[in-house]
Amino acid sequence: MTTLDGVEFDGRSLAGKAAVLWFWAPWCGECRRDAAIVAETAKAYDGKVAFLGVTGWGKLDAMKKFADYKLSGFPHVADVDDKLFTTARIKGTPTLMFYRPDGTSTEHIGSISAEQLADKLNALSQS
């Protein structure tokens, strides 16, 4: 896939790592509320947990505008054809997928507090 910055992103780079995929949409109110939490937490866990934003269900221009305004510190891929959303069976945004290094995962659907996210990441990075 391609990031919102136009750089090719190979999902295989996440293999064997603790990782979080944050599925968001540019029109999503909960995503807007959570954006700063996710961005700051991604910076705090840099080197421990890899973060990837996956944006879909919207127009590319709106995705880029939202990411420029609210998000920094980790890559975001544009799922303009909704392939990742469909493959991951995303039913609503925001959804966070937490991947352990062994490839197993859990998910959190809906808004998340900084404390909830930190608790999930601490458990994830220790597995």
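Let's start at a turn: in the hairpin of β4 and β5, five residues sit between the strands, and G103 takes a positive phi near 95°. Keep in mind that what you're looking at is a predicted model. The two strands of this hairpin, β4 (residues 95-99) and β5 (residues 105-109), pair in the antiparallel sense over five bridges. If you want one pair to look for, find M97, whose bridge partner in β5 is E107.

**The sheet**

Now zoom out from the hairpin. Which order do the strands of the open sheet have? Reading across, you get β3-β2-β1-β4-β5, five strands with mixed pairing. β3 (76-78) and β5 are at the edges and have a single partner strand each, so one side of each is left without a neighbour in the sheet. The sheet isn't flat either: on average, neighbouring strands are turned by 20° against each other, direction ignored.

A bit of background helps here. Strands of a sheet pair through backbone hydrogen bonds, and the pairing can be parallel or antiparallel. You've met the antiparallel kind in the hairpin of β4 and β5. For the parallel kind, look at β1 (residues 19-24) and β2 (residues 50-55), which pair over six bridges. In that pair, W22 stands opposite G53 of β2. Helix α1 (residues 29-44) packs on the sheet and touches both β1 and β2. The direction of α1 makes about 160° with that of β1.

Is β2 largely enclosed or left open? Five of its six residues are buried, so β2 is largely enclosed by the rest of the structure.

**The whole chain**

Counting everything up, the protein has four helices and five strands. Follow the chain from the N terminus and the elements run β-α-β-α-β-α-β-β-α.

How does the overall size work out? A compact globule of 127 residues would have a radius of gyration near 14 Å, and the protein has 13 Å, which agrees. Its C-alpha atoms fill a box of roughly 40 × 30 × 25 Å along the principal axes. Of the 127 residues, 42% are buried. The protein exposes about 6,900 Å², and 51% of that comes from carbon and sulfur atoms. Among contacts with a separation of 6 or more, 70% are between residues 24 or more positions apart.

**What's inside**

The largest nonpolar core has 27 residues, and W22, F51 and L121 touch the most other members. β1, α1, α2, β4 and α4 (114-125) supply at least two residues each. Which element gives the most to this core? That's α1, with five residues.

L121 is a good place to click and explore. Leaving out residues up to four places away in sequence, L121 touches V20, T41, Y45, V49, F51 and F98. There's also a second, separate core of eleven residues, and L21, F23, V77 and M97 are among them. So M97 turns up again: you met it as the bridge partner of E107.

Compare W22 and L21 in your viewer. W22 belongs to the largest core, while L21 is in the second one. As a general rule, side chains in a regular strand alternate between the two faces of the sheet.

**Unusual backbone spots**

Most residues other than glycine have a negative phi, and most peptide bonds are trans. A few places in this model go against that habit, and the table puts two of them side by side.

| Residue | Phi | Loop | Relative accessible area |
|---|---|---|---|
| W57 | about 55° | between β2 and α2 (60-70) | 29%, partly exposed |
| R89 | about 55° | between α3 (83-87) and β4 | 66%, exposed |

Neither W57 nor R89 is a glycine, yet each has a positive phi. Why does W57 count as partly exposed? Its relative accessible area is 29%, and partly exposed covers what lies between under 20% for buried and over 50% for exposed. R89, at 66%, counts as exposed.

Finally, where is the cis peptide bond? It joins T93 and P94, with omega at about -5°. P94 is in the loop between α3 and β4, and R89 lies in the loop between α3 and β4 as well.

Terms used
Residues are numbered from 1 along each chain as its sequence is written. This is a predicted model: local features need pLDDT of at least 70, side-chain atom pairs count only at pLDDT 80 or more; totals for chains, interfaces and linings use all residues. Side-chain values use heavy atoms; hydrogens and water are left out. Two strands pair if DSSP finds at least two bridges between them. Axes are lines fitted to C-alpha atoms, for helices over the stretch in contact, and angles run from 0 to 180 degrees between N-to-C directions. Contact means heavy atoms within 4.5 Å. The radius of gyration is taken over C-alpha atoms; the globule rule is 2.2 Å times the number of residues to the power 0.38. Buried means under 20% relative accessible area, exposed over 50%, partly exposed in between (1.4 Å probe, protein chains only). Accessible areas come from the Shrake-Rupley method with a 1.4 Å probe; for residues, only the protein chains shown count as cover. A nonpolar core is a set of buried Ala, Val, Leu, Ile, Met, Phe, Trp, Tyr and Cys residues joined through side-chain atoms within 4.5 Å.
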